[in-house]
Amino acid sequence: MTATPAKRSASVDPIMHRAARVEDAFHEFRAHRARRRGFLATIVPYTGYGSPTWVRILGRVVLAKEPRPGSRAERKHRKREESIRGWRSFVSVPVSDVTVTVEVDGAHHEVRPDRGGVIDTVLPVQLTPGWHTVKLTTPESARVFEAPVYIVDPKATFGIISDVDDTVMVTALPRPFLAAWNTFVLDEHARVPTPGMSVLLERLATAHPGAPVIYLSTGAWNVAPTLTRFLSRNLFPAGPLLLTDWGPTHDRFFRSGREHKRTSLSRLADEFPGLKWLLIGDDGQHDETLYGEFTTEHPENVAGVAIRQLSNSEAVLAGGRSKAEKHSEFSGAPWVYAPDGAGLSDQLKQHGLLP
């Protein structure tokens with residue numbers, strides 16, 4: 001049911017874009033200053049996933065001060081972390097020149113983060129399906145950081161991929177100024193879940209035991225801890241977040257969020273060829289186009305597509321149904337449209353994807 005991800009071939013390092021070189025120099029300057037102030041390389045662990053024979057480890061290495069465990073300073077730090085404004089998530093100093101030791105089921109592996117401090121690596125394992133815990137450490141910190149990983153059962157045949165912005169959380173991405181306010185200014189506890197979506201995803205996960213739930217977004221890895229707490233606080237089913245690292249790449253000034261989603265979808269199809277995915281998104285950005293491309297290129301991996309409509313005019317039943325029929329006839333997979341989770345749930349029942 002699963003396929004081991006192909007290893008990237010070793011090749012000559014690409015010529016770095018000028019913007020990337022400037023960014024690296026800026027990070028190096030900030031890292032030097034932070035280390036002089038006593039900051040240490042610590043790990044922000046993210047939820048990973050895999051099969052019984054391989055696991056994808058995700059995390060980020062940043063410089064941070066480490067209060068003594070159990071101290072008042074640690075409690076204040078944790079409380080402050082959970083109530084900070086969104087912009088503060090983007091000022092952490094990433095670290096790339098450090099070795100991270102990953103312990104999986106007693107076996108130790110050494111990995112290196114990328115230039116943005118992101119750990120994204122695939123390791124061989126022998127694990128049973130279900131949830132497991134991976135331990136990560138750095139030479140500079142005495143702390144042991146734990147990352148949950150979900151091992152997909154080879155017998156599973158159904159999975160859920162959901163967008164985040166304006167699908168499970170109200171962000172207002174089609175309105176840039178409001179989206180910026182929601183992302184960078186609001187306290188994380190002020191974030192609003194999309195009506196009915198947590199119930200929908202929980203019902204889907206319950207109806208399909210063992211189905212992996214993966215949250216795919218164009219958001220930056222910086223906000224992964226905030227999003228994880230948001231999903232847990234609003235009772236969404238647990239699952240990996242697949243985000244991206246904002247900023248310059250080796251060949252362009254700013255990375256493409258659309259391409260991140262496209263390659264992530266293709267990768268999941270290759271990693272789990274036996275799974276049929278229910279793709280959940282909204283009509284405010286590029287989800288319809290990307291999901292349409294995916295259903296055409298991987299029809300054997302699509303159980304259906306559920307699109308949340310953002311505007312009242314598009315939520316008219318007739319318009320949504322006409323659009324859904326057009327996509328369904330073209331792709332061969334059922335498409336449903338509704339402005340909230342309850343409406344999508346009703347239509348998914350009609351297609352047998354919910355009991």
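## A buried pair of charges

Lys261 is buried, and Asp287 is buried as well. The model in which these two residues are seen is a predicted one. The side chains of Lys261 and Asp287 come together in a salt bridge, with 2.7 Å from N to O. This pair links distant parts of the chain, since Lys261 belongs to helix α6 (residues 257–271) and Asp287 to helix α7 (residues 287–297), 26 residues apart.

Helices α6 and α7 also hold the residues of another salt bridge. Here the side chains of Glu293 and Arg262 meet, at 3.0 Å from N to O. Glu293 is in helix α7 and Arg262 is in helix α6, so this pair ties together parts of the chain that are 31 residues apart in sequence. Glu293 has a relative accessibility of 27% and therefore counts as partly exposed. Arg262 has a relative accessible area of 28%, so Arg262 is partly exposed too. Salt bridges that share partners also create one network, whose members are Asp163, Lys261 and Asp287.

## A salt bridge between two strands

The structure holds six salt bridges. One of them is formed by Arg56 and Asp120, whose closest N and O atoms are 2.7 Å apart. Arg56 lies in strand β2 (residues 54–64) and Asp120 lies in strand β6 (residues 118–124), so the pair joins parts that are 64 residues apart in sequence.

Are the two partners buried or exposed, wholly or in part? Arg56 counts as buried because its relative accessibility is 9%, and buried means under 20%. Asp120 has a relative accessible area of 36%, so Asp120 is partly exposed.

## Strand β4 and its partners

Strand β4 (residues 100–104) pairs with strand β7 (residues 130–137) through three bridges, and the two strands run antiparallel. Within this pairing, Val102 has Leu136 of β7 as its bridge partner, and Thr101 has Thr137 of β7.

Strand β4 also pairs with strand β5 (residues 107–111), in the antiparallel sense and over five bridges. In this case Glu103 has His108 of β5 as its bridge partner. Strands β4 and β5 form a hairpin with two residues between them, and Asp105, in the turn, has a positive phi of about 50°.

Which residues of β4 make up its covered face, and which its uncovered face? The covered face consists of Val100, Val102 and Val104, while Thr101 and Glu103 make up the uncovered face. Val102, on the covered face, is the residue partnered with Leu136. Glu103, on the uncovered face, is the residue partnered with His108.

## Strand β8 and its partners

Strand β7, described above as a partner of β4, is also joined to strand β8 (residues 145–151). Seven bridges connect β7 and β8, and these strands run antiparallel. Lys135 stands opposite Glu146 in β8, and Gly130 stands opposite Ile151 in β8.

Strand β8 has a further partner in strand β1 (residues 40–51). Three bridges join β1 and β8, and the two strands run parallel. Gly48 has Val149 of β8 as its bridge partner. How many of the seven residues of β8 are buried? Five of them are buried, and the strand is mostly covered.

## A charged patch and a buried glycine

A positive patch on the surface is made up of Arg33, Arg36, Arg37 and Lys65. Of these residues, Arg33 has its place in helix α1 (residues 18–36).

Gly341 is found in helix α9 (residues 341–350). With a relative accessibility of 2%, Gly341 counts as buried, the cut-off for this being under 20%. What distances in sequence and in space separate Gly341 from Ser198? The two residues are 143 residues apart in sequence, and their C-alpha atoms are 7.7 Å apart in space.

Methods: Residues are numbered from 1 along each chain as its sequence is written. This is a predicted model: local features need pLDDT of at least 70, side-chain atom pairs count only at pLDDT 80 or more; totals for chains, interfaces and linings use all residues. Side-chain values use heavy atoms; hydrogens and water are left out. Two strands pair if DSSP finds at least two bridges between them. Helices (H or I, at least four residues) and strands (E, at least two) are DSSP runs, numbered from the N terminus. Patches are made of residues with over 30% relative accessible area and no salt bridge: like charges are joined within 9 Å, nonpolar side chains (Val, Leu, Ile, Met, Phe, Trp, Tyr) within 5 Å. Accessible areas come from the Shrake-Rupley method with a 1.4 Å probe; for residues, only the protein chains shown count as cover. A salt bridge is a side-chain nitrogen of Lys or Arg within 4 Å of a carboxyl oxygen of Asp or Glu. Lys and Arg count as positive and Asp and Glu as negative; His and the chain ends are not counted. The place of a charge is taken as NZ of Lys, CZ of Arg, CG of Asp or CD of Glu. Buried means under 20% relative accessible area, exposed over 50%, partly exposed in between (1.4 Å probe, protein chains only).
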